[in-house]
Amino acid sequence: MAITDKIYVKNHRQLASQLETSIPKGAFKGATLDLLFQGEGLEKLDETSRERVLDFTQDFLDCDCDTNPYCGHPEQKFMRYLLELRAEGLGPEAIVDVMTDDYMVYAYPGDVLSFLDDSVRTLEAVEALASVESNDEVERSAGSKKRELSG
């Protein structure tokens with residue numbers, strides 16, 4: 001299960017009430033993405049919630065693909081966002097705090113830790129394969145990224 005399947009909308013019930021519709025708790029579920037992408041009813045949200053929702057939409061749903069928001073790019077952008085927060089030295093709990101402050105979404109710190117651990121293991125595999133293939137540039141790059149995340 002991808003980390004984006006474990007990202008939830010904070011104050012889910014309150015937002016659904018303000019929007020006068022039901023939405024899934026998952027931030028990357030189809031109905032949630034539809035609502036955000038189409039922007040219908042967002043004017044019903046209080047100002048703080050509306051700003052966070054619009055920030056999320058601009059940062060993760062901004063894509064020129066014909067199948068947007070179902071092209072996979074929103075999830076990729078969000079995973080990159082999590083990795084960048086880790087590269088800045090934040091641990092799983094701090095990452096959850098920042099994502100909640102930035103976008104009103106949350107995850108369980110253990111899920112974030114698992115995602116980060118999987119990312120490091122993937123980079124270790126890339127580094128090892130690049131070494132076997134004598135691809136020094138990819139090996140150095142994967143090693144560098146691994147150290148950023150492990151730091």
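**Exercise 1. Locate proline 69 and describe the peptide bond that precedes this residue.**

Solution. Proline 69 lies in the loop between α3 and α4. Helices (H or I, at least four residues) and strands (E, at least two) are DSSP runs, numbered from the N terminus. The bond that leads from asparagine 68 to proline 69 is cis, and its omega is near 10°. As general background, most peptide bonds are trans. The model is predicted: local features need pLDDT of at least 70, side-chain atom pairs count only at pLDDT 80 or more, and totals for chains, interfaces and linings use all residues. Residues are numbered from 1 along each chain as its sequence is written, and side-chain values use heavy atoms, with hydrogens and water left out.

**Exercise 2. Classify the ring pair of phenylalanine 56 and phenylalanine 60, and state where the two residues lie.**

Solution. Rings of Phe, Tyr and Trp (its six-membered ring) pair if their centres lie within 6.5 Å; planes under 30 degrees apart count as stacked, over 60 as edge-to-face and the rest as tilted. By this rule there are 13 aromatic pairs. One of them joins phenylalanine 56 to phenylalanine 60, with 5.1 Å from centre to centre and 55° between the planes, a tilted pair. The two residues are 4 apart in helix α3 (residues 47-60), and therefore about one helical turn separates them. The next step concerns accessibility, where buried means under 20% relative accessible area, exposed over 50%, and partly exposed in between (1.4 Å probe, protein chains only). Phenylalanine 56 is buried at 2%, and phenylalanine 60 is buried at 3%.

**Exercise 3. Repeat the analysis for phenylalanine 78 and tyrosine 81, and name the cluster that contains these rings.**

Solution. The ring centres of phenylalanine 78 and tyrosine 81 are 5.4 Å apart and the planes meet at 50°, so this pair is tilted. Both residues belong to helix α4 (residues 73-87), where they are 3 residues apart, about one turn of the helix. Phenylalanine 78 is buried, with 0% relative accessibility; tyrosine 81 is buried as well, at 11%. Ring pairs connect Phe28, Phe56, Phe60, Phe78, Tyr81 and Tyr103 into a cluster.

**Exercise 4. Determine how α3 and α5 pack, and which residues meet.**

Solution. The axes are lines fitted to C-alpha atoms, for helices over the stretch in contact, and angles run from 0 to 180 degrees between N-to-C directions. Helix α5 spans residues 92-103, and its axis lies 7 Å from that of α3 at an angle of about 105°. Angles under 35 degrees count as roughly parallel, over 145 as roughly antiparallel, 65 to 115 as roughly perpendicular and the rest as oblique. The two helices, α3 and α5, are therefore roughly perpendicular. On the α3 side, Arg52, Asp55, Phe56, Asp59 and Phe60 are in contact (heavy atoms within 4.5 Å) with Asp101, Asp102 and Tyr103 of α5.

**Exercise 5. Identify where asparagine 11 and methionine 104 lie, and compare their phi values and accessibility.**

Solution. Asparagine 11 is in the loop between β1 (8-9) and α1 (12-19). This residue has a positive phi of about 55° although it is not a glycine, and it is partly exposed, with a relative accessible area of 40%. Methionine 104 occupies the loop between α5 and β2 (105-106). The phi of methionine 104 is positive too, near 60°, whereas methionine 104 is buried, at 11%.
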